[in-house]
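Colleague: Before planning further work, I should like to go through the strands and the core of this protein with you.

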Amino acid sequence: TVVENHYGAGRAIYSAADLEAGNSTAHDSLFLALVTSLLDGPAAFGSDAHPVVWMNVFDQPEHGRRIVSLFNNAPTDPPLPVPEFSFRLRPPAGRHYTRLVQLPQDQAVPFARDPDGTIRAAVSGLEALAMYAAYHQ
């Protein structure tokens, strides 16, 4: 059973089943769809990578940047490399991205910009961990 409730300006979803603990594509798809339905607009970030890739974004407004971390959480040791994929990152309200660099090398990374300011960048392959800094003004 899945129930949605509206209260004031908020919404909540309750599931009697532990959906995120399920080990199937159906569980993953349902959980993602339910969480995504709670957003008021597009997600602030995302990726089309294989599900073993975990993506985190850390906001560092005092440095005018966001740090993107991509972690290969494959169950093998060493993890199998993840082939090419891309990620997207929406800028903070009223800001726009000026550059994207791969860390720790501080190497410039090409990116495309959508009309809403979201940037998209390709990752050529992910061994274990990749980090990027997206600078905005």
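The exchange below concerns a predicted model and takes up its sheets and its nonpolar core.

Colleague: In the open sheet of four strands, which strands stand at the edges?

Modeller: The order of this sheet is β3-β6-β10-β9, with antiparallel pairing. Each edge strand has a single partner strand, so one side of it is left without a neighbour in the sheet. The strands in question are β3 (45-47) and β9 (112-113).

Colleague: Which residue of β10 stands opposite Ala112?

Modeller: β9 and β10 pair in the antiparallel sense over two bridges. Ala112 lies within β9 (112-113). Opposite Ala112, in β10, stands Arg120.

Colleague: In the open sheet of five strands, what is the bridge partner of Arg99 in β11?

Modeller: This sheet runs in the order β4-β5-β11-β7-β8, and its pairing is antiparallel. Between β7 and β11 there are six bridges. In β11, Arg99 has as its bridge partner Tyr135.

Colleague: Which strands each supply at least two residues of the largest nonpolar core?

Modeller: This core has 21 residues, and those touching the most other members are Val53, Leu70, Phe85, Phe87, Leu100 and Tyr132. The strands that each supply at least two of the core residues are β4, β5, β6, β7, β10 and β11.

Colleague: Leaving aside neighbours within four places in sequence, which residues is Phe85 in contact with?

Modeller: Phe85 is among the core residues that touch the most other members. With neighbours within four places in sequence left aside, its contacts are Ser47, Asp48, Ala49, Val53, Leu70, Ala121, Ala122, Val123 and Leu126.

Conventions:
Residues numbered from 1 in each chain as written. Predicted model: local features only at pLDDT ≥ 70, side-chain atom pairs only at ≥ 80, totals over all residues. Heavy atoms only, no water. Core = buried A, V, L, I, M, F, W, Y, C linked by side-chain atoms within 4.5 Å. Buried < 20%, exposed > 50% of the residue type's maximum accessible area, 1.4 Å probe, protein only. Contact = heavy atoms within 4.5 Å. Pairing = 2+ DSSP bridges.
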